[in-house]
Amino acid sequence: MRTTTLLNMKKLILISFLLIVTYGYSQTTQTFNTSGTFYVPAGVTNGTVEAWGAGGAGGGNTTTKDGAGGGGGGAYSSTTGTFSSTQYTITVGTGGLGVAGGIGEDGGDSSFSTSVIAKGGTGGNPPVSGNGGFGGNGGSAAASTGVTK
């Protein structure tokens with residue numbers, strides 16, 4: 001009888017320890033779908049920030065030929081570091097708007113303050129001389145900031 005009680009006590013201690021460790025190392029993720037402000041939670045000293053630039057619009061068409069597609073969803077950028085402030089400005093890039101018979105608008109840049117900037121894609125071109133237009137370019141990794149691009 002005593003062995004069973006000691007075994008149960010060991011299991012209870014192990015489960016308690018695992019719950020405490022899990023709680024101590026838990027992570028919180030916050031996703032922004034619109035621009036806003038990120039407030040650093042109390043006790044948080046560092047984190048990872050990820051951003052994606054928005055895609056450009058396709059080229060407009062006023063003929064029977066197709067306009068070209070817009071640039072891809074833009075560059076990806078991330079960084080991990082220590083927070084030096086209690087709040088940061090978040091910009092969420094919006095996709096470019098199509099223009100009838102013209103070059104599609106560029107996709108907007110997404111950013112976390114100035115430490116992470118992911119460039120948006122460029123707009124596609126309309127048909128030229130009866131031929132389909134040229135596609136837009138994806139967001140420029142070289143023009144983006146952050147550790148990973």
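1. Salt bridge. The count comes to 1 salt bridge in this predicted model. Aspartate 109 pairs with lysine 119, and their closest N and O atoms are 2.8 Å apart. Aspartate 109 sits in the loop between β4 and β5, and lysine 119 in the segment after β6, so the pair ties together parts that are 10 residues apart in sequence. Side chains of opposite charge can pair when their charged atoms come close.

2. Exposure of the pair. Aspartate 109 has 29% relative accessibility and counts as partly exposed. Lysine 119 is partly exposed too, with a relative accessible area of 25%. Both values fall in the class between buried, under 20%, and exposed, over 50%.

3. Sheet layout. An open sheet is formed by 4 strands, and its order is β1-β4-β5-β6. The pairing is antiparallel. Strands β1 and β6 (116–118) stand at the edges with a single partner strand each, so one side of each has no neighbour in the sheet. On average, neighbouring strands are turned by 15° against each other, direction ignored. Strands of a sheet pair through backbone hydrogen bonds, either parallel or antiparallel.

4. Pairing of β1 with β4. Strand β1 covers residues 36–39 and runs antiparallel to β4, with 4 bridges between them. As one register check, threonine 37 has threonine 89 of β4 as its bridge partner.

5. Pairing of β4 with β5. Strand β5 covers residues 110–112. Strands β4 and β5 are antiparallel and are joined by 2 bridges. Here threonine 91 stands opposite serine 111 in β5.

6. The two faces of β4. Which side chains of β4 are buried? In this strand, residues 87–91, they are Tyr88 and Ile90, which point to one face. Gln87, Thr89 and Thr91 point to the other face and are not buried. In a regular strand the side chains alternate between the two faces of the sheet. Strand β4 shows this alternation. Thr89, the bridge partner of threonine 37, is on the face that is not buried. Thr91, opposite serine 111, points to that face as well.

7. Serine 144. Is serine 144 buried or exposed? Its relative accessibility is 2%, so serine 144 counts as buried; the cut-off is under 20%. Serine 144 lies in the segment after β6. Its side chain reaches the backbone oxygen of isoleucine 117 at 3.4 Å. Strand β6 spans 116–118 and is an edge strand of the sheet.

Methods:
Residues numbered from 1 in each chain as written. Predicted model: local features only at pLDDT ≥ 70, side-chain atom pairs only at ≥ 80, totals over all residues. Heavy atoms only, no water. Buried < 20%, exposed > 50% of the residue type's maximum accessible area, 1.4 Å probe, protein only. Pairing = 2+ DSSP bridges. Axes fitted to C-alpha atoms, helices over the stretch in contact; angles between N-to-C directions. Polar contact = N/O pair within 3.5 Å; in protein donor to acceptor, adjacent residues only side chain to side chain. Salt bridge = Lys/Arg side-chain N within 4 Å of Asp/Glu carboxyl O.
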